[in-house]
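Thank you all for coming. I would like to take you through one model this morning, going from its interior to its paired side chains.

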Amino acid sequence: MPDENTILTFFLDEVHLEEQLLMTAKYRVLNSGAVIEVDNGMHIRLVDNQMKLPEFFRIIASVMAIKGMDGTLNKESLVKLPASEYLKLRMKHHGA
């Protein structure tokens with residue numbers, strides 16, 4: 001992760017988990033219907049209980065963590081945030 005003040009582009013939107021794989025997870029993005037494949041170690045599921053996922057939930061991931069895509073993302077799904085904001089969310093939801 002770059003310096004905490006570095007501004008990065010993140011995917012942040014509501015998704016449905018389509019498939020959990022060993023190294024990645026596939027999600028269907030609700031607002032566009034696109035399917036994205038995201039590196040498991042580089043995204044955060046913004047839920048209170050990581051072991052009991054709701055049908056629909058938000059995730060945040062650096063765009064560099066998106067390993068594949070079928071379809072197009074809406075520009076509203078992409079946000080620019082300081083790396084420190086991502087790290088705060090990671091601590092809140094993963095504790096590390």
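I will start with how the model was treated, then turn to the cores, the helix, the aromatic pairs, one loop residue and the salt bridges.

Please keep in mind that this is a predicted model, in which local features need pLDDT of at least 70 and side-chain atom pairs count only at pLDDT 80 or more, while totals for chains, interfaces and linings use all residues. Residues are numbered from 1 along each chain as its sequence is written, and side-chain values use heavy atoms, with hydrogens and water left out.

Let me begin with the interior. A nonpolar core here is a set of buried Ala, Val, Leu, Ile, Met, Phe, Trp, Tyr and Cys residues joined through side-chain atoms within 4.5 Å, where buried means under 20% relative accessible area, exposed means over 50%, and partly exposed lies in between, with a 1.4 Å probe and protein chains only. The largest such core has 15 residues, and those with the most contacts inside it are F11, V15, Y27, I36, V38, I59 and L73. Strands β1 (7-20), β2 (24-29), β3 (35-39) and β5 (57-62) each supply at least two residues of this core; strands are DSSP runs of E of at least two residues, and helices are runs of H or I of at least four, both numbered from the N terminus. A second, separate core has seven residues, including L8, L46, I60 and A83.

Now the helix. Because the expected span is 1.5 Å times one less than the number of residues, the twelve residues of α1 (residues 83-94) should span 16 Å, and the end C-alpha atoms are indeed 16 Å apart. The buried residues of α1 are A83, S84, Y86 and H93, and these pack against β1, β4 (43-45), β5 and β7 (78-82), contact being heavy atoms within 4.5 Å. After α1 comes G95, with a positive phi near 75 degrees.

Turning to aromatic rings, we pair those of Phe, Tyr and Trp (its six-membered ring) if their centres lie within 6.5 Å, and we call planes under 30 degrees apart stacked, over 60 edge-to-face and the rest tilted. By this rule there are two aromatic pairs. F10 and Y86 are stacked, at 5.3 Å centre to centre with 15 degrees between the planes, and they join strand β1 to helix α1 across 76 residues. The rings of Y27 and F57 are edge-to-face, since their centres are 6.0 Å apart and their planes stand at 85 degrees. Y27 is buried at 0% relative accessibility, and F57 is buried at 4%.

What does S77 touch, not counting residues up to four places away in sequence? The residues are F10, F11, L12, D13, V29 and N31. S77 sits in the loop between β6 (66-70) and β7, is buried at 0% relative accessibility, and shares a side-chain polar contact of 3.5 Å with N31, a polar contact being a pair of N or O atoms within 3.5 Å in which, within protein, one must be able to donate a hydrogen and the other to accept it, and residues adjacent in sequence count only if both atoms are side-chain atoms.

Finally, a search of the whole structure finds two salt bridges, each a side-chain nitrogen of Lys or Arg within 4 Å of a carboxyl oxygen of Asp or Glu. R28 and E18 meet at 3.7 Å, N to O, linking strands β2 and β1. E85 and K88 meet at 3.4 Å, N to O, and, being three residues apart in helix α1, are separated by about one helical turn. E85 is partly exposed at 32% relative accessibility, whereas K88 is exposed at 53%.
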